[in-house]
Amino acid sequence: MNRKLNILLVGSGPSIYSSTIKLLDNPNLDLTLIDNSDINKLPNSNFDCFYDDKFINSSRLKNNEIFNSSKTIENKITRSFGGLSTVWGSAVHKYLDKEKNIYKDLDIELDKYYSYFDQNEHFLTNDIDKQENFININSNIQVTEFINNNQKSDNNFSYSRFLYNYVDKKPTKICSKCDSLKILCSVNSLWSTTKKFKELIDSNKIKYIPNHELVSFSETSDEILCKLRNHKDVNIEKKFDYIFIGAGAFGTSKILLRSKIVDRVLIQNSDAVSVPFLKQSNMYLNRVSHPLMFSNTETEGKLLFSQIYFYSDNLVKIFFANKLINNSAKISPLILKNLFGGLRIFIDPTISSKIRLKYSNGNITSEFISQDKKLVNKILSKYFKSLHKSGIYPINFLKKELLYGESYHFGSQFSHSKILNINNSNVNGNVNGLKRTYVVDSSVLPVVNTGPITYTVMANSLRISEAFLKSIKN
């Protein structure tokens, strides 16, 4: 009997989770997971409020580690993912038509992989059409009225949708700490790959080495030599048959740069703009700090995707530490508060800012490349005018730009391509001629999603892993 193949899984995000569940289909694979944390320390409670006082005004936590505490990057890259929800990757949306055509040109079809997750995950939505694994939160009657009244709009309004860690189906409970729906604010309630991996580790389906990172690796014809490092800067070397890397765009870039697979990368980005808006008031209480609607459109040939928020006291609490502001907001009349909302708009990556990383003499340096500001402003102006027809009036002078990765929609530095060069991958995620190393995160997406990126990353990773299983059978 042939020995089991040893597979190293690098990272514990959605891409590696997707690879793991597919690779587990083959019992002759021995899977080892490493990440730069300790999944075993996941809090057990599902009932503590995520928006407790310690989270006030810290929904976008600073992370100075990526570029060696470079002061130029400290306010750009963040540990918290997912926008105003403060939960990484919970919002999901399939790729848009223009993005889909890019995949089609590469002979990549993701729809069946989206369908896999549609059938096997649980979702929160305020969509009135319920499915068995869709939990309806019934958050705001005005949303249904708005969508029904704007069915012919070019802005393609739709109900928001989130991945959810299935606990119960009681969405009406209210949290005493934040006054939000408890199903949305509880620790571990919204979807988390950490929780998923803990279940796999506890059931001995995968091995786990906590608090380690992959520093570098080198391939031979029949194995990969990996240099690992723990939190105490102790290095160890291990050999594996194959590696699946899903450390995120920056983490994956660092690994390939240090391994001298490439000497520079250009990370694509979908810049974001947050802007408040005025709308017609209503008397429905909104207790959700998450976006209630999505919108996707194309303006001047460029894609825009928006998450649409309605006012909630909890949303004010998250973003303003000032007690006077919070207290004043709470006591304001409902009819006044409900005049306000907010847009988080993601912009076509072709005109967004970018980050270039270079590796030289053992050091990684960074360089910012500015967005096409004139074109971005022109497109936003037209988009705002189109929203007026639906009764949404963005307050343009209060908009805030999120550039250089602050939106956390980035990747494509090793994008899939039929014409390969040193910084491309083939459709199976093999970069620069690598045979035993598969990159499965946003790094290899042929285009950075304008909408939520997690769902497409998961679908693409599942596709790559399925192709790998077929290849080792031959």
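This is a short talk on the ring pairs and charged pairs in one protein structure.

Hi everyone, and thanks for coming. Before we begin, please keep in mind that what you see above is a predicted model.

Let's start with the overall picture. The protein has 474 residues, and 57% of them count as buried. Its chain forms 12 helices and 22 strands. The accessible surface comes to about 21,300 Å², and carbon and sulfur atoms account for 49% of that. Here is one more number for the whole protein. If we take the contacts between residues at least 6 apart in sequence, 74% of them join residues at least 24 apart. Please hold on to that idea, as we will meet some examples.

Now to the aromatic rings. A pair of rings is described by two things, the distance of the centres and the angle of the planes. How many aromatic pairs does the structure hold? The count is 17. Let me show you two of them.

One is the pair of Tyr17 and Phe197, which is edge-to-face, with 6.1 Å from centre to centre and 90° between the planes. This pair links distant parts of the chain: Tyr17 belongs to helix H1 (residues 14-23) and Phe197 to helix H6 (residues 193-202), 180 residues apart. Are these two rings on buried or exposed residues? Tyr17 has a relative accessible area of 7%, and anything under 20% is called buried, so Tyr17 is buried. Phe197 has a relative accessible area of 0%, so Phe197 is buried too.

The other pair is Phe250 with Phe410, again edge-to-face, at 4.7 Å centre to centre and with 85° between the planes. Here too, distant parts of the chain are linked: Phe250 sits in helix H7 (residues 248-258), Phe410 in strand S21 (residues 410-411), and their positions lie 160 residues apart in the count. Both Phe250 and Phe410 are buried.

Rings can also join up into a group. In this protein, ring pairs link Tyr95, Tyr103, Tyr114, Tyr116, Phe117, Phe123, Phe134 and Tyr455 into a cluster. Take a look at Phe123 in that list, as a charge is found there as well. The charged end of Arg161 sits over the ring of Phe123, 4.2 Å from the ring's centre. There is also Lys279, whose charged end sits over the ring of Phe310, 4.7 Å from the centre.

That brings us to charges. Side chains of opposite charge can pair when their charged atoms come close. Across the whole structure, a search finds 18 salt bridges.

Let's visit a few. Arg229 forms a salt bridge with Glu213, and their closest N and O atoms are 2.9 Å apart. Arg229 is in strand S9 (residues 224-230) and Glu213 is in strand S8 (residues 212-219), so to speak a link between distant parts of the chain, 16 residues apart. Arg229 is partly exposed, with a relative accessible area of 24%.

Next come two neighbours in the numbering, Asp263 and Arg264, which form a salt bridge whose closest N and O atoms are 3.8 Å apart. Asp263 is partly exposed at 42% relative accessible area, and Arg264 is partly exposed at 40%.

Then there is the salt bridge where the side chains of Lys378 and Glu300 meet, at 3.7 Å from N to O. It links distant parts of the chain: Lys378 is in helix H11 (residues 373-388), while Glu300 is in the loop between strand S14 (293-299) and strand S15 (302-310), 78 residues apart. Lys378 is partly exposed, with a relative accessible area of 43%, and Glu300 counts as partly exposed at 39%.

Salt bridges can share partners, too, and here they join Lys94, Asp118 and Arg161 into one network. You have met Arg161 already, with its charged end over the ring of Phe123.

Let me finish with two single residues. Glu466 lies in helix H12 (residues 454-473). Its relative accessible area is 16%, so Glu466 is buried. Which residues does Glu466 touch, leaving aside its neighbours within four places in sequence? They are Lys22, Lys112 and Tyr113. With Lys112, the side chain of Glu466 makes a polar contact of 3.5 Å.

Finally, Asp372 is placed in the loop between strand S18 (363-369) and H11, and Asp372 is partly exposed, with a relative accessible area of 36%. The C-alpha atoms of Asp372 and Thr350 are separated by 8.7 Å, and these residues are 22 apart along the chain.

Technical notes: Residues numbered from 1 in each chain as written. Predicted model: local features only at pLDDT ≥ 70, side-chain atom pairs only at ≥ 80, totals over all residues. Heavy atoms only, no water. Phe/Tyr/Trp six-rings, centres within 6.5 Å; stacked < 30°, edge-to-face > 60°. Helix = DSSP H or I, 4+ residues; strand = E, 2+ residues; numbered from the N terminus. Buried < 20%, exposed > 50% of the residue type's maximum accessible area, 1.4 Å probe, protein only. Lys NZ or Arg CZ within 6 Å of the ring centre and 35° of its normal. Contact = heavy atoms within 4.5 Å. Areas by Shrake-Rupley, 256 points an atom, 1.4 Å probe, with all protein chains shown as cover. Salt bridge = Lys/Arg side-chain N within 4 Å of Asp/Glu carboxyl O. Polar contact = N/O pair within 3.5 Å; in protein donor to acceptor, adjacent residues only side chain to side chain.
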